[in-house]
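Visitor: Hi, I'm new to this one. Could you walk me through it?
Guide: Gladly; here it is.

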Amino acid sequence: MISRHDPQLKSFASDNYAGVHPEILSAIADANGGHQIAYGDDVYTEALREVFQRHFGERAQAWPVFNGTAANVVSLRAMTAHWEAVICPETAHIHTDEGGAPEVVGGIKLLTVPTPDGKLTPELIDRQAWGFGDVHRPQPRVVSISNTTELGTLYTPEQIAAVCAHAHDRGLLVHLDGSRLTNAAAALDVPMRALTTDAGVDVLSFGGTKIGMLYGEAVVVLNPEAATGVDYLRKTFMQLSSKMRFVSAQFEALLSGDLWLRNARQANAMGRRLAAAVRDIPGVELPRPVEANAVFAVLPREVTERLQKRFRFYTWNEATGEVRWMCAFDTTEADVDAFAAAIWEEMR
Ligand SMILES: Cc1ncc(COP(=O)(O)O)c(C=O)c1O
């Protein structure tokens, strides 16, 4: 079959615009042929147990699902009773970008907190961690944070440990939306468990798609006492893949060697390169620290409109004109340089 698109064309809209890493595609091909038991009782899914435990510790148990929204909904539902609620930043993906799935599909009440940088702190958690025992108030039960955050910022291991210690002191569990956990770990040059298991996170939504998989994320239960019924909930929420071997084989290819790290380092390096190339353009402002693969910028609206005709990217905030430029594992130096040159040109 011929390609219906230009395979050389790159954008800065989302790491989800990227294709599939060749090593992942070849793992899918290797898993093909013959028959394997369906619904997760295959040898690839069996092998995954050890792969996730190597990254996240002996107690970790991973449950592949189709996408990140589902990983969040299944995780949070498994951590809460019907009367309980989840504290998260106002900017959290679960609040702003999942079509209300946590509430509509999961039946989960979110208690949001405004933050300056997309990150919760012990003090910010306390804005919503109250009313315990009051039957009129949704009962806070989980604190949900993302690393990296929707604003491209990072939590360090110490910051996550502080969030977890505080949450646990208040009788709350901690969920981490790790749609871009690989980017966070690569940026900080720490193992992924330093940002999760070792910091006290109870349940993780682990992201594979943005970092090179065709599709697939995982609910990773790090503290078995923090979640119940994930195996049943995965089916209830329509996330039990019949041909699971093909999701599991992708995770194995991503995580058994250093593919996740190579991909994350590349995406992050391109984020840094882009920021460095445009930072000094008069009239372009970078209002947020560039800590991984996302660059946020404010530039004149007419320039944004002209640039968007040449490269795809999203306006993040219509009110302020802030845009988001996202680098992916397959963004190259040449892609970044061409985009930066276009920004210089349009700003002249
Ligand atoms: C932080 C974060 N969490 C979750 C998701 C959801 O992933 P999906 O689009 O696969 O449902 C995304 C996707 O952009 C994300 O950025």
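Visitor: Let's start somewhere specific: is D337 buried, exposed or partly exposed, and what is its relative accessibility?
Guide: Bear in mind that this is a predicted model. D337 has 36% relative accessibility, and it therefore counts as partly exposed.

Visitor: And which residue does D337 form a salt bridge with?
Guide: D337 forms a salt bridge with R273, and the closest N and O atoms of the two are 2.9 Å apart. Because D337 lies in helix α13 (residues 333–347) and R273 in helix α11 (residues 259–278), the pair ties together parts that are 64 residues apart in sequence. R273 counts as partly exposed too, at 30% relative accessibility.

Visitor: What about R310, which residue is its salt-bridge partner with the closest N and O atoms 3.1 Å apart?
Guide: That partner is E345. R310 lies in helix α12 (residues 301–310) and E345 in helix α13, so this pair ties together parts that are 35 residues apart in sequence. R310 is partly exposed, with a relative accessible area of 38%, and E345 counts as partly exposed at 42%. The two also belong to a network of salt bridges that links R306, R310, E345 and E346.

Visitor: How many salt bridges does a search of the whole structure find?
Guide: The search finds 14. One that involves buried residues joins R180 to D15, with the closest N and O atoms 2.7 Å apart. R180 lies in the loop between β5 (173–178) and α8 (181–188), while D15 lies in the segment before α1 (22–30), so the pair ties together parts that are 165 residues apart in sequence. R180 has 12% relative accessibility, and D15 has 2%.

Visitor: Changing topic: which residues are around the ligand?
Guide: R180 turns up again here, in a shell made of N67, G68, T69, N72, H93, E98, E150, D177, S179, R180 and K210. These divide into no nonpolar, 6 polar and 5 charged residues, and helix α3 (residues 68–79) gives the largest share, 3 residues.

Visitor: Where do polar atoms come close to the ligand's oxygen atoms?
Guide: A polar backbone atom of G68 is 2.9 Å from a ligand oxygen, a polar side-chain atom of R180 lies 3.3 Å from one, and an N or O atom in the side chain of K210 is 2.9 Å from one. The protein covers 83% of the 390 Å² of accessible area that the ligand has on its own.

Visitor: Last one: which side chain of opposite charge is nearest to E217?
Guide: That is K210, 5.5 Å away, and E217 is buried yet has no salt bridge. The side chain of E217 does make a polar contact with the side chain of T209, at 2.5 Å, and one of its polar atoms lies 3.3 Å from the backbone nitrogen of G208.

Key
Residues are numbered from 1 along each chain as its sequence is written. This is a predicted model: local features need pLDDT of at least 70, side-chain atom pairs count only at pLDDT 80 or more; totals for chains, interfaces and linings use all residues. Side-chain values use heavy atoms; hydrogens and water are left out. A residue is near a molecule or strand if one of its heavy atoms lies within 4 Å of it. A polar contact is a pair of N or O atoms within 3.5 Å; within protein, one must be able to donate a hydrogen and the other to accept it, and residues adjacent in sequence count only if both atoms are side-chain atoms. Accessible areas come from the Shrake-Rupley method with a 1.4 Å probe; for residues, only the protein chains shown count as cover. Helices (H or I, at least four residues) and strands (E, at least two) are DSSP runs, numbered from the N terminus. Ala, Val, Leu, Ile, Met, Phe, Trp, Tyr, Cys and Pro count as nonpolar, Asp, Glu, Lys and Arg as charged, and the others, Gly among them, as polar. Buried means under 20% relative accessible area, exposed over 50%, partly exposed in between (1.4 Å probe, protein chains only). Lys and Arg count as positive and Asp and Glu as negative; His and the chain ends are not counted. A salt bridge is a side-chain nitrogen of Lys or Arg within 4 Å of a carboxyl oxygen of Asp or Glu.
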